[in-house]
Amino acid sequence: MKIDHSVPLEYSTEENKNRIFGFWVFLGAEIVMFSTLFAVYFTLWNRTGDGPTAKDIFVIGPVLIETFLLLTSSFTIGLAINSMRQGLMKATMGFFAVTLLLGLGFLGVEIYEFVTYVGEGATLQTNAFLSSLFTLLGLHGAHVTLGLVWGGGLMLQMKREGFTPDTANKSFIFSLYWHFLDVVWIFIFSFVYLKGLM
């Protein structure tokens, strides 16, 4: 395998470059999927029937905590990649761990939020608005859960193998995935929660 030492390790082989390109294509498909769910939500958000509306169930406190946790995790995964490029294993692992802990915190608050909604009688079957809301938020939460498992597996691989073109490439691709989740959350925060609270 020919390694190009003039570029960052994650781009150092032709296969790595192709993987990164392939992942951008995958993210394009993810954008289409989330765009579709946003379109469904915007179509159905005022179809509440006799059930609660967005204003009835949304509480800004937990949403702000979720936003803070996820956006901070985007910063720390960036620091992890920067540390990886400098060959700092301990710092890379530390920033990866912080990123995953912040993601876990986000997930905990989101689960608390879902339990609260259900406790107030707002379930997936209550009305079209809630069906589209739970589908959108649930899919995003499922992506975060997948990211936690993926990131944990990557940490184990890096600990075992160190920085190689393979582990560096996978870590960089993971960071793209994590940043993508943050961008989706910014749209959810702005156009679902803030719009619903107005």
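1. Buried means under 20% relative accessible area, exposed over 50%, and partly exposed in between. That scale is needed for the points below. Keep in mind that this is a predicted model.

2. Start with F42. This residue lies in helix α1, which covers residues 14-44. Its relative accessibility is 34%. The value falls between the two cut-offs, so F42 counts as partly exposed.

3. F42 also belongs to a surface feature. Together with V183, F187 and F191, F42 makes a nonpolar surface patch of about 350 Å². Which helix gives the patch its largest share? Helix α6, residues 165-197, does so with 3 residues.

4. Next, T67. Look for T67 in helix α3, which runs over residues 60-85. Is T67 buried or exposed? T67 counts as buried, because its relative accessibility is 12%. Leaving out residues up to four places away in sequence, T67 touches W185 and F189.

5. Now the aromatic rings. The structure holds 21 aromatic pairs. One of them joins Y11 and F172. This pair is tilted, with 5.5 Å from centre to centre and 55 degrees between the planes. Y11 sits in the segment before α1 and F172 in helix α6, so the pair ties together parts 161 residues apart in sequence. The two partners have their own burial classes. Y11 is partly exposed, at 28% relative accessibility. F172 is buried, with a relative accessible area of 11%.

6. W185 and Y193 form another aromatic pair. Their rings are tilted too: 5.9 Å centre to centre, with 50 degrees between the planes. W185 has a relative accessible area of 0%, so W185 is buried. Y193 is buried as well, with a relative accessible area of 0%. W185 has come up before, as a residue that T67 touches.

7. Finally, the record. An unreviewed UniProt entry places the feature "transmembrane region" at residues 21-45, 57-81, 93-112, 132-156 and 176-194. What does the model show over residues 132-156? There the chain is 100% helix and 0% strand, and the end C-alpha atoms are 37 Å apart. Residues 176-194 are likewise 100% helix and 0% strand. Over that stretch the end C-alpha atoms are 26 Å apart.

Methods. Residues numbered from 1 in each chain as written. Predicted model: local features only at pLDDT ≥ 70, side-chain atom pairs only at ≥ 80, totals over all residues. Heavy atoms only, no water. Helix = DSSP H or I, 4+ residues; strand = E, 2+ residues; numbered from the N terminus. Buried < 20%, exposed > 50% of the residue type's maximum accessible area, 1.4 Å probe, protein only. Contact = heavy atoms within 4.5 Å. Patch = residues over 30% accessible without salt bridge, like charges linked within 9 Å, V, L, I, M, F, W, Y side chains within 5 Å. Areas by Shrake-Rupley, 256 points an atom, 1.4 Å probe, with all protein chains shown as cover. Salt bridge = Lys/Arg side-chain N within 4 Å of Asp/Glu carboxyl O. Phe/Tyr/Trp six-rings, centres within 6.5 Å; stacked < 30°, edge-to-face > 60°. UniProt positions renumbered as here; feature names shortened; annotations may be inferred.
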